[in-house]
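Please look over the model shown here before reading on. The notes that follow are grouped by topic and concern ring contacts, helix packing, burial and backbone geometry.

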Amino acid sequence: MSKSRQSLGMIAILALLPGCMSDLGETVSRFRGSEATAPTGTGPVQKAVVKPSDASELIHALQTRPTVIISGTPYSQVADAVIASDTRVAAAELRVAQLRAEAAQKNWMPRIGPNISLTSLGDVVAQLVINQVLFDNGRKVAERDLAKANVERAAVQLVEDGNSRVYDALSLYVTAEENRDLATHLNRAYDDMARFEWVMQQRVQGGVSDMSNLNVVQQKLASIRARSGEAQEAASTALAELNAMSARPLSDLRGLGQVRDAEAGEPLGVLRARAEREQAMAEARIARASHLPGLAANGSIDRDGTMGGGLEVTTDTLFGLGTMAEFKAIEATKETADRRVAESREIAARHIASQQSKLTAYRRQAEEAIGLRQAAKQNLELFQRQFEGGQRQVMDVVGTYETFARALETEIQLKYKAARAELELSRLRGALAEGASI
């Protein structure tokens, strides 16, 4: 009975030692600097640690991230449909990271387990071993920080995947809508050109015109018919792919959507760089601690109740001639990580500025195309009146009609170029999918 009580007393002492050593650990995390919010020892101070999902400012920013897509528009219906059918692989990875972070919150507690060995005499020796880290140069804290950073990185990846999925779906929808509009325009142009063909046939039969002009008009008709078929096939292909990634059919949805011209906070690329910075810094602190000696308490109890234990100086890596250079490299990690964040912010700002300029140019060109189409329409009407008055030939009217048709086609192309540029700008800002819905 006395040995059992002594054994229990030893275990209790090892469990309480972290609290006694917490003050010692506070002086060793030089690399963390002002970032340390709790002593680097592994003691009861960890009760103040909140779960990463609740404590992270970055994750809160992702959860409250708005979308620029206006509710109720075709864009909104497409986005809702593809988000609802998402397999959410990134969400599963985030859950894994959260569970690992939850486990890391308890890494300061004692570890206990069996130790079974075979002696030289063939006897099996079984012991119950308990190990408690007393001083580790901030390694346990860095491991918890790394687990938290992994959660943040997985959360950014989840939002990035959601935005990319919505962007792909909206791009397919815009492609389908553009080709449906183009097919409608070409079908109308085919009907108009067919009337010119009928007039030319009558003139050929009456001996007024020769077959060469009729052949030219028929070739134009064949070209329009072929292009209309291509546009219809492209629309069908885009819609088939869109429906494959959607929770419900979207073939009957028509019209472009609208997006708000609003900032959505920092681009996702910058948030990803910030999370990667925290990962790199935590890994650097772990690497630094592995080069420094630590202190641990060990205790053991065998089957007979015999108790053993003591203090142990631990180190993962022995000193060598290159150790000081490794320390300098570790210290430089923070500056490197900060520079990567600054670089990501610069790249994002440059891409956004470039895309904003493209969007402005496409919108201006689309407005100019409307004016050119209206002028071509007026010129066509004038030529038709002159033809009816006997002042113009049929081929003159055909050429003028082609100019009008090309102007209308250019207007359609620029309209959808502006729509794509608008979506690309929203993608760069990471504002196509609402954080709460992801």
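The charged end of Lys377 is placed over the ring of Phe404, at 5.2 Å from the ring centre, in what is a predicted model. A second contact of this kind involves Arg392, which lies over the face of Phe383 at 4.1 Å from the centre of the ring. Phe404 also belongs to an aromatic cluster, in which Phe196 and Tyr401 take part as well.

**Aromatic cluster**

- The structure contains two aromatic pairs, and in one of them the ring centres of Phe196 and Tyr401 are 5.9 Å apart with the planes at 65 degrees, so this pair counts as edge-to-face, given that an angle over 60 degrees is what earns that label.
- Because Phe196 belongs to helix α6 (residues 139–205) and Tyr401 to helix α11 (residues 394–429), the edge-to-face pair ties together parts of the chain that are 205 residues apart in sequence.
- Tyr401 also pairs with Phe404, this time in a tilted arrangement with 6.0 Å from centre to centre and 55 degrees between the planes.
- Both Tyr401 and Phe404 are in helix α11, where three residues, or about one turn of the helix, separate them; in general, an α-helix has 3.6 residues a turn, so residues three or four places apart point the same way.
- As for solvent access, Phe196 is buried at a relative accessible area of 13%, Tyr401 counts as buried at 6%, and Phe404 is buried too.

**Packing of α5 against α6**

- Helix α5 (residues 89–104) packs with α6 at an angle of about 165 degrees, the two axes being 9 Å apart, and that angle makes the two helices roughly antiparallel.
- The crossing in which α5 passes α6 is left-handed.
- On the α5 side the contacting residues include Ala90, Ala91, Leu94, Ala97, Ala101 and Ala104, together with Glu93 and Arg100, while those they meet in α6 include Ala147, Val151, Ala154, Ala155 and Leu158, along with Glu143, Arg144 and Asp161.

**Burial of α4 and of the chain**

- Helix α4 (residues 74–84) is mostly covered, with eight of its 11 residues buried, namely Pro74, Tyr75, Ser76, Val78, Ala79, Ala81, Val82 and Ile83.
- Among the elements that cover these buried residues of α4 are α6, α7 (211–244) and α11.
- The chain as a whole has 11 helices and four strands, and 41% of its 438 residues count as buried.
- When contacts in the chain are limited to residues at least 6 apart in sequence, 81% of them join residues at least 24 apart.

**Positive phi outside glycine**

- Arg88, although not a glycine, has a positive phi of about 55 degrees; Arg88 is found in the loop between α4 and α5 and is partly exposed, with a relative accessible area of 29%.
- Asn137 is likewise not a glycine and has a positive phi of about 60 degrees; Asn137 is placed in the loop between β2 (124–135) and α6, and its relative accessible area of 9% makes it buried.

Conventions:
Residues are numbered from 1 along each chain as its sequence is written. This is a predicted model: local features need pLDDT of at least 70, side-chain atom pairs count only at pLDDT 80 or more; totals for chains, interfaces and linings use all residues. Side-chain values use heavy atoms; hydrogens and water are left out. Rings of Phe, Tyr and Trp (its six-membered ring) pair if their centres lie within 6.5 Å; planes under 30 degrees apart count as stacked, over 60 as edge-to-face and the rest as tilted. Buried means under 20% relative accessible area, exposed over 50%, partly exposed in between (1.4 Å probe, protein chains only). A charge sits over a ring if NZ of Lys or CZ of Arg is within 6 Å of the ring centre and within 35 degrees of the ring normal. Axes are lines fitted to C-alpha atoms, for helices over the stretch in contact, and angles run from 0 to 180 degrees between N-to-C directions. Angles under 35 degrees count as roughly parallel, over 145 as roughly antiparallel, 65 to 115 as roughly perpendicular and the rest as oblique. A crossing is left-handed if the near helix is turned anticlockwise from the far one by less than a right angle, and right-handed if clockwise. Contact means heavy atoms within 4.5 Å.
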